Amino acid sequence: MNALVATNRNFKLAARLLGLDSKLEKSLLIPFREIKVECTIPKDDGTLASFVGFRVQHDNARGPMKGGIRYHPEVEHNEVNALAQLMTWKTAVANIPYGGAKGGIGCDPRDLSISELERLTRVFTQKIHDLIGIHADVPAPDMGTGPQTMAWMLDEYSKFHGYSPAVVTGKPIDLGGSLGRDAATGRGVLFATEALLNEHGKAISGQKFVIQGFGNVGSWAARLIHEKGGKIVAVSDITGAIKNSKGIDIPRLLNHVKENKGVKGFEGADSLDPESILVEDCDILIPAALGGIINRENANEIKAKFIIEAANHPTDPEADEILSKKGVIILPDIYANSGGVTVSYFEWVQNIQGFLWDEEKVNNELKTYMTKAFKDVKKMCQVHNCDLRMGAFTLGVNRVARATVMRGWEA
Ligand SMILES: NC(=O)c1ccc[n+]([C@@H]2O[C@H](COP(=O)([O-])OP(=O)(O)OC[C@H]3O[C@@H](n4cnc5c(N)ncnc54)[C@H](O)[C@@H]3O)[C@@H](O)[C@H]2O)c1
């Protein structure tokens with residue numbers, strides 16, 4: 001099922017549980033603005049290359065639109081649209097004053113040199129600069145992008161509008177980035193997992209974890225879970241998959257990845273078929289790479305008792321149904337990976353105030369937001385007698401619907 005169909009389905013289920021008016025339901029689903037641009041750049045060898053860039057601005061009822069920029073070969077309009085919508089519900093679940101947006105460029109960043117990536121980012125920014133802004137739409141990093149990408153976007157945007165650090169988040173610290181932002185999504189995944197396990201009388205320590213994706217989110221989640229005594233028994237990334245039933249030495253793996261640009265070839269583990277990582281024996285599965293990878297083809301084979309959705313929309317609705325029947329508990333993306341956008345919000349606040357928080361304050365505030373959001377989601381589960389995904393969706397959709405109605409959407 002494609003990402004947009006899957007996301008719309010979850011939204012509609014939530015709208016029904018909330019008893020939303022059908023016109024309001026339709027209006028909440030349609031994006032505020034969809035931007036598609038052609039980005040042509042000279043390659044290092046002098047030839048020209050063209051890439052398609054997207055920015056979908058989904059909703060701004062609760063504040064400026066917010067969401068990442070992804071560089072990946074699979075970036076396409078429908079998925080960006082779905083991800084933008086998810087950001088609207090996610091910022092509402094986290095209860096931060098933002099709407100939702102998402103962007104991306106269909107490219108493989110591993111095939112581009114640093115200077116080609118810089119040119120591509122600058123051209124993309126030139127084409128969208130008049131539609132983003134501190135109080136309009138604030139991009140951030142996502143798959144295939146990072147602090148350097150945000151530094152180029154900030155610089156290019158500032159050529160048109162004057163120095164504007166708050167126009168993007170996830171920046172390098174030297175350019176107004178927040179301490180703790182790099183680790184924030186992974187740390188939020190840790191806090192979310194702790195909140196869920198705590199409810200089941202369990203702790204991170206002693207649980208067996210499998211993590212798909214070892215980039216920003218997966219590697220930080222792995223590091224923090226390892227520090228808390230969790231045993232990570234299998235990990236994969238685009239280069240391959242590895243497994244060690246005694247537990248992978250994560251600090252050693254981090255060094256290996258730094259030197260070798262991937263988990264492949266790590267000596268402290270055996271190699272594993274990347275296709276089978278999701279069905280490896282474990283207590284907790286953390287998808288932290290692509291969307292749609294848990295589907296009706298593999299859902300029945302999944303051994304984990306808990307799935308923590310660090311990636312966006314990793315679970316297809318058909319798989320949701322199968323897993324629910326098996327008693328697998330899924331902590332949904334719009335709550336589980338909201339640590340990144342929450343600390344992005346802290347970064348934006350610091351930029352606007354011209355003030356730098358220390359890392360302890362950032363991490364403590366993040367824990368407060370994640371813990372509160374978990375309680376809010378659970379409350380909606382009780383009110384609507386539903387699972388955690390619908391608890392999170394009803395929470396997010398209800399907050400956006402209320403703001404929309406109060407602002408007067410029918411005029
Ligand atoms: N970065 C954030 O703050 C943030 C916030 C919320 C959600 N997310 C979501 O988390 C996920 C990961 O984002 P990230 O920022 O860590 O990206 P990243 O680019 O830093 O890392 C992505 C990882 O996924 C791996 N990967 C790519 N294709 C794969 C495949 N086919 N099989 C296995 N692994 C594969 C890459 O090798 C890499 O290890 C995405 O779904 C993203 O939307 C990220």
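These legends walk through several close-up views of a predicted model.

**View 1. The five-stranded sheet, seen as a whole.** Here we have an open sheet of five strands with mixed pairing, in the order β1-β2-β4-β3-β5. Strands of a sheet pair through backbone hydrogen bonds, and the pairing can be parallel or antiparallel. The edges belong to β1 and β5 (137-141), each with a single partner strand, so one side of each has no neighbour in the sheet. On average, neighbouring strands here are turned by 20° against each other, direction ignored.

**View 2. The β1 and β2 hairpin.** Strand β1 covers residues 33-42, and its pairing with β2 is antiparallel, over 10 bridges. Want some landmarks along the pair? P42 sits opposite L48 in β2, while C39 faces F51 in β2. Five residues lie between the two strands of this hairpin, and G46 takes a positive phi near 95°.

**View 3. β2 meets β4.** On to the pairing of β2 with strand β4 (residues 100-106): the two run antiparallel and are joined by six bridges. To find your way along them, look for D59, whose bridge partner in β4 is G100, and then for Q57, which stands opposite A101 in β4. How many of the 12 residues of β2 are buried? Nine of them are, so to speak, tucked away, and strand β2 (residues 48-59) is mostly covered. β4 is mostly covered as well, with six of its seven residues buried.

**View 4. β3 alongside β4.** Strand β3 takes in residues 65-72 and runs parallel to β4, with four bridges joining them. A handy spot to look at is I69, which stands opposite G103 in β4. Back in the order of the sheet, β1-β2-β4-β3-β5, you can find β3 between β4 and β5.

**View 5. The seven-stranded sheet.** This view turns to an open sheet of seven strands, again with mixed pairing. Read across, the order is β9-β8-β7-β6-β10-β11-β12. Which strands stand at the edges? They are β9 (270-272) and β12 (329-331); each has a single partner strand, so one side of each is left with no neighbour in the sheet. Neighbouring strands of this sheet are turned by 20° against each other on average, with direction ignored.

**View 6. A parallel pair, β6 and β10.** Zooming in on the seven-stranded sheet, we come to strand β6 (residues 208-212) and strand β10 (residues 284-287), which run parallel and are joined by four bridges. V210 is a good residue to start from: its bridge partner in β10 is L285.

**View 7. Cysteines without a disulfide.** How many disulfides does the structure hold? The count is zero. Take C39, which is in no disulfide: the nearest cysteine sulfur belongs to C107 and is 9.4 Å away. C39 is buried, and its relative accessible area is 0%. This is the residue that stands opposite F51 in β2. C386 is in no disulfide either; for this residue, the nearest cysteine sulfur is that of C381, 4.7 Å away. A disulfide calls for two cysteine sulfur atoms within 2.5 Å, so neither of these pairs makes one. C386 also counts as buried, at 19% relative accessibility, because the cut-off for buried is under 20%.

**View 8. The cavity and its lining.** The structure holds one cavity of 30 Å³ or more. About 70 Å³ of space lies inside the largest cavity. Which residues line the largest cavity? The lining is made up of A6, T7, N10, L86, H313, T315, D333, R389 and F393. Two elements, α1 (3-18) and α13 (388-407), give two or more residues each to this lining. Of all the contributors, α1 gives the most, with three residues. As for the chemistry of the lining of the largest cavity, its residues divide into three nonpolar, four polar and two charged.

Key. Residues numbered from 1 in each chain as written. Predicted model: local features only at pLDDT ≥ 70, side-chain atom pairs only at ≥ 80, totals over all residues. Heavy atoms only, no water. 1 Å grid on protein atoms, 1.4 Å probe; cavity = no way out; pocket = protein on both sides within 12 Å on 5 of 7 lines; lining within 4 Å. Points joined across faces, edges and corners; volume = space filled by probe spheres on them. Nonpolar A, V, L, I, M, F, W, Y, C, P; charged D, E, K, R; others polar. Buried < 20%, exposed > 50% of the residue type's maximum accessible area, 1.4 Å probe, protein only. Pairing = 2+ DSSP bridges. Axes fitted to C-alpha atoms, helices over the stretch in contact; angles between N-to-C directions.
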